[in-house]
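User: I should like to learn how to read helix packing and a chain contact in a model of this kind. Could you take me through it?

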Amino acid sequence: MTTNPALVESPTVEVDDVSKWFGQKVAVSNVTCSFGPGVTGLLGPNGAGKTTMLRMLTGLIRPSQGGIKVLGVWPRTSPSVYANVGLVPEEAAVYPSMTARAFIRYAATLAGVADADEAAARAIDTVALGDAADRRLGGYSKGMRQRAKVAAALVADPQILLLDEPLNGTDPVQRLHLINLFRQLGDEGRTIVVSSHVLDEVERMSDRVIAIVDGRLAAAGDIAAIRRAMSDIPYRVRVETDRSRVLAARLLEEALVHGVTIDDDVLHVETGDLAALGRRVPVIAGDVDARITVFRPEDASLESVFRYLVGRR
Amino acid sequence: MRASLAITTATIRQVFGIRRALIFGFAAIAPALVFLVSSQTLADEAALNRLLAMVVGLYFPLLVPIVSLIISASALGDERRDGTLSFLVIRPIPRSAISGAKFLGAALVVGALNGLGGGALGLMYGLETGVWGVLIPLILGGIVAGTVYTALFVPLGFFTDRAVLAGLAFVFVFENGVVSALSGLSALSPWRLGLSTFAALAPDSVAADLVDFGAVNLSGLGSTTLRAFVVVAVSIAATTMVLRRRDLA
């Protein structure tokens with residue numbers, strides 16, 4: 001049983017004290033973490049080191065220090081492991097003169113899939129590329145190219161799927177489809193690592209997050225747990241009641257309440273102990289004869305976690 | 001094997017689109033067309049001199065290197081520039097299979113174009129004089145030179161975005177400048193390996209006349225073939241090593 005939230009019980013991908021520098025620039029610094037079945041969000045602002053990390057996981061670039069194992073081996077020296085790894089890179093990475101179907105079939109053939117045509121057709125269905133599959137990739141929109149790349153990564157039915165900003169350029173319908181697809185693949189027991197700087201997307205796709213800021217591991221674990229760990233900043237709770245001013249005045253007398261603001265009769269209460277506040281508010285509301293209609297933490301979202309992590313550095 | 005074949009096929013399509021096929025196809029037969037236009041009224045001996053002028057002045061030192069350079073440099077260079085190299089290398093196939101298949105795809109296209117060029121020139125000479133002894137040597141000479149150039153320029157395209165510029169410098173400064181001045185270095189010149197193949201296989205009378213066109217210090221067929229094999233083997237090994245060791249994205 002591991003207690004380090006950056007590590008998982010049954011890892012398929014292990015990162016051990018990895019650093020990567022390009023000349024004087026340190027892109028990734030002393031990161032230790034692991035990934036297992038399910039969807040993990042690799043989160044960080046642009047330039048944080050996410051792409052470098054994903055490229056190291058696939059063996060495209062070598063760590064300057066430390067080690068990486070994918071299914072127990074370093075992919076560069078054991079290319080057979082790539083039969084179980086799919087990558088959707090952020091950059092174009094498609095052959096513009098190929099049709100999407102030919103591109104995906106090419107990926108299947110290179111992966112050693114027995115019936116490449118059948119596998120390509122299945123992957124095209126999975127990403128709902130449909131009739132567009134027989135058009136050249138050069139004429140595709142960015143969103144369609146993303147789906148073609150996802151299909152090419154999925155065509156060999158990999159156990160591990162690494163996705164670098166996979167939703168870039170997709171429209172809302174495509175985005176929803178891909179998010180549901182990644183969740184489904186994660187639920188099937190595959191290891192899905194999705195990098196993104198769009199916090200809402202990561203939150204919708206993954207339960208677990210590895211946050212990288214300035215090349216360093218800033219936080220890891222499930223989103224709520226990360227938020228709980230940030231005990232040095234107050235929680236912000238939204239309270240809606242029919243007697244907002246009376247309740248606010250009464251709450252300010254409580255030691256566990258750091259502050260209260262009123263905005264259109266809605267209370268925003270700051271506290272260092274969310275659980276204690278949750279127990280105390282109903283009691284106080286009863287004392288002042290107020291009816292509570294909403295009691296909801298406002299900042300357990302990834303957005304606030306991310307803002308905090310970036311701001312802390 | 002299926003994967004290598006797929007990479008070779010994809011490479012052929014990648015480096016040899018319709019536009020390139022038209023441009024380089026026309027360029028390949030240009031020496032033959034020049035020969036055709038300029039040798040209409042010549043006697044056999046003058047026609048042979050005109051042929052050798054084409055062979056030593058246009059086909060081997062100019063056409064073969066330029067066609068080979070542009071086709072070969074794009075085989076891996078385009079993959080790197082377009083970001084598709086990552087698509088290729090994260091497959092369960094050895095890096096040696098990738099470098100071998102990329103080389104083979106480029107070499108087949110280069111060989112076909114240079115073979116076409118040499119074949120067209122030999123064909124025109126045969127039609128003009130009734131002598132067909134230079135047809136096959138010209139085709140094989142072009143293929144040998146093209147293969148060696150491919151071995152040099154495929155990895156060059158991977159290493160630098162300016163592969164064409166670097167390749168042109170190699171051809172015009174080193175081969176056509178330095179080696180021309182210091183004929184002892186001729187073994188280091190790929191187009192001279194092609195010319196050596198041509199000289200070794202062509203009728204003796206043709207080979208003897210080559211000296212008048214400055215073609216000296218040519219190697220024998222065995223030595224040329226061995227050198228070509230060594231360059232190809234070293235090139236594939238070096239490309240494989242780079243694909244294994246260098247950061248690829």
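Analyst: The discussion below covers two helix pairs and then a contact between chains. Please note that this is a predicted model.

User: How are α6(B) and α8(B) oriented to each other?

Analyst: An angle over 145 degrees counts as roughly antiparallel. The axes of α6(B) (residues 135-159) and α8(B) (residues 190-201) cross at roughly 155 degrees and come within 7 Å, so the two helices are roughly antiparallel. Their crossing is right-handed.

User: Which residues make that contact, and of what class are they?

Analyst: Among those of α6(B) are L138(B), V144(B), V148(B) and L152(B), and α8(B) contributes residues including W191(B), L195(B) and F198(B). By class, the contact has 15 nonpolar, four polar and no charged residues.

User: How do α1(B) and α5(B) pack?

Analyst: Angles that are neither roughly parallel, roughly antiparallel nor roughly perpendicular count as oblique. For α1(B) and α5(B), the angle is about 40 degrees and the axes are 8 Å apart; the pair is therefore oblique. The crossing of α1(B) and α5(B) is right-handed. Residues including I7(B), T11(B) and V15(B) in α1(B) meet a set in α5(B) that includes A101(B), K102(B) and L108(B). The contact divides into eleven nonpolar, five polar and one charged.

User: Which element of chain B gives the most to the side that touches chain A?

Analyst: The contact takes 22 residues from chain B and 24 residues from chain A. On the chain B side, α1(B) gives the most, with six residues. The residues of that side comprise eleven nonpolar, five polar and six charged.

Definitions and conventions:
Residues numbered from 1 in each chain as written. Chains lettered and ligands numbered in written order. Predicted model: local features only at pLDDT ≥ 70, side-chain atom pairs only at ≥ 80, totals over all residues. Contact = placed C-beta atoms within 7 Å. Helix = DSSP H or I, 4+ residues; strand = E, 2+ residues; numbered from the N terminus. Nonpolar A, V, L, I, M, F, W, Y, C, P; charged D, E, K, R; others polar. Axes fitted to C-alpha atoms, helices over the stretch in contact; angles between N-to-C directions. Parallel < 35°, antiparallel > 145°, perpendicular 65-115°, else oblique. Left-handed = near helix turned anticlockwise from the far one by under 90°.
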